[in-house]
Amino acid sequence: MGEWIDISQPLTDKIAHWPGDKPFSYSLTASKQETKSVNIGQITTSLHTGTHIDAPFHFDSNGKTIEQLDINLYIGKSVVIDVSQANTITAEVLSQYHWPSEINRVLLRTSLPNNPERFPDVLPNLDPNIAPYLQRLGVFLLGVDIPSVDAPDSKDLVTHHALQDHGIHILENIMLDQIKPGEYELIALPLHIHGADGSPVRAALCPINKEDAQHDK
């Protein structure tokens, strides 16, 4: 296998956040000069800033929270597919792609340029009919390079619910602009935050095949 590639949005004070949500900030609460031994920092953030997972509790008050999710969902073989030619991603669009049956994690490289410092006005549309299609293929994790699988102004979150109803978990805001389509090992572990509706993750890919070892320049 090749080297690991970071596909996380960097958490900085310039990172975009959901309109009206808590912006990210990092600051020192104590310096080494003050403590005589260490620097100590703190962060404030929404759990849905940058690269993150949604727990079902995020959109379903009876859904599982972060600590109730199996971490094995977020470690293992995945496939990156380029659907950037489609503004609406449907089951018909996904049916044009094929990957080994043992790969259960699908990462979508969409038409949205990945700019961590700008929250997009419009997102590519993910049709909820992708959920039963992906379930039939054994997929249990869907990753996207956009802030949400639903439109930013959606209140009913149809695609979130469709994915949950078909046993598919959600990883959002990964950075795939420079990643070649292909097969990869994925690590995207959430923090163990008890009772949480989501969590930031440090997501990384490692090419499985030699021909995928060099990501796009």
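User: Hi! How many residues of strand β7 are buried?
Analyst: Five of the five residues in β7 (residues 105-109) are buried, so the strand is mostly covered. Keep in mind that this is a predicted model.

User: And which residues sit on each side of β7?
Analyst: One face carries R105, L107 and R109, while V106 and L108 are on the other. Both faces are covered, and each of those residues is buried.

User: Does β5 run parallel or antiparallel to β7, and how many bridges join them?
Analyst: β5 and β7 are parallel, and four bridges join them. Within that pairing, V79 is the residue opposite V106.

User: What about β7 and β9, how do those pair?
Analyst: Also in the parallel sense, over four bridges, with β9 covering residues 141-144. V106 has L142 as its bridge partner in β9.

User: Nice, L142 rings a bell. Which residues does H169 contact, beyond its sequence neighbours?
Analyst: Leaving aside neighbours within four places in sequence, H169 is in contact with L69, L73, Y74, F140, L141 and L142. H169 itself belongs to strand β10, residues 169-172.

User: Is H169 buried or exposed?
Analyst: Buried: its relative accessibility is 17%, and the cut-off for that label is under 20%.

User: Switching to charges. How many salt bridges does the structure hold?
Analyst: Two. In one of them, the side chains of R202 and D6 meet at 2.7 Å, N to O. R202 is in strand β12 (residues 198-207) and D6 is in strand β1 (residues 5-6), so this pair ties together parts 196 residues apart in sequence.

User: How accessible are R202 and D6?
Analyst: R202 is exposed, with a relative accessible area of 61%. D6 counts as partly exposed, at 39% relative accessibility.

User: And which side chains form the salt bridge at 3.2 Å?
Analyst: That one joins R118 and D121, again taken from N to O. R118 is partly exposed at 46% relative accessibility, whereas D121 is exposed at 62%.

User: Now backbone oddities. What is unusual about the phi of K36?
Analyst: Its phi is positive, about 70°, although K36 is not a glycine. K36 lies in the loop between α1 (32-35) and β3 (40-44).

User: What about N173, what is its phi?
Analyst: About 65°, so positive too, and N173 is not a glycine either. You'll find N173 in the loop between β10 and β11 (182-190).

User: Are K36 and N173 buried or exposed?
Analyst: They land in opposite classes: K36 is exposed at 69% relative accessibility, while N173 is buried at 7%.

User: Last topic, the surface. Which residues make up the nonpolar patch?
Analyst: The patch is formed by W4, I71, I75, I187 and L189, and together they have about 410 Å² of accessible area.

User: Where in the fold is I71 from that patch?
Analyst: I71 is in the loop between β4 (52-54) and β5 (75-82).

User: How exposed is I71, then?
Analyst: Partly exposed, with 48% relative accessibility. Fully "exposed" would need over 50%, so I71 stays in the middle class.

User: Great, thanks for the tour!
Analyst: Happy to help!

Definitions and conventions:
Residues numbered from 1 in each chain as written. Predicted model: local features only at pLDDT ≥ 70, side-chain atom pairs only at ≥ 80, totals over all residues. Heavy atoms only, no water. Patch = residues over 30% accessible without salt bridge, like charges linked within 9 Å, V, L, I, M, F, W, Y side chains within 5 Å. Areas by Shrake-Rupley, 256 points an atom, 1.4 Å probe, with all protein chains shown as cover. Salt bridge = Lys/Arg side-chain N within 4 Å of Asp/Glu carboxyl O. Helix = DSSP H or I, 4+ residues; strand = E, 2+ residues; numbered from the N terminus. Buried < 20%, exposed > 50% of the residue type's maximum accessible area, 1.4 Å probe, protein only. Contact = heavy atoms within 4.5 Å. Pairing = 2+ DSSP bridges.
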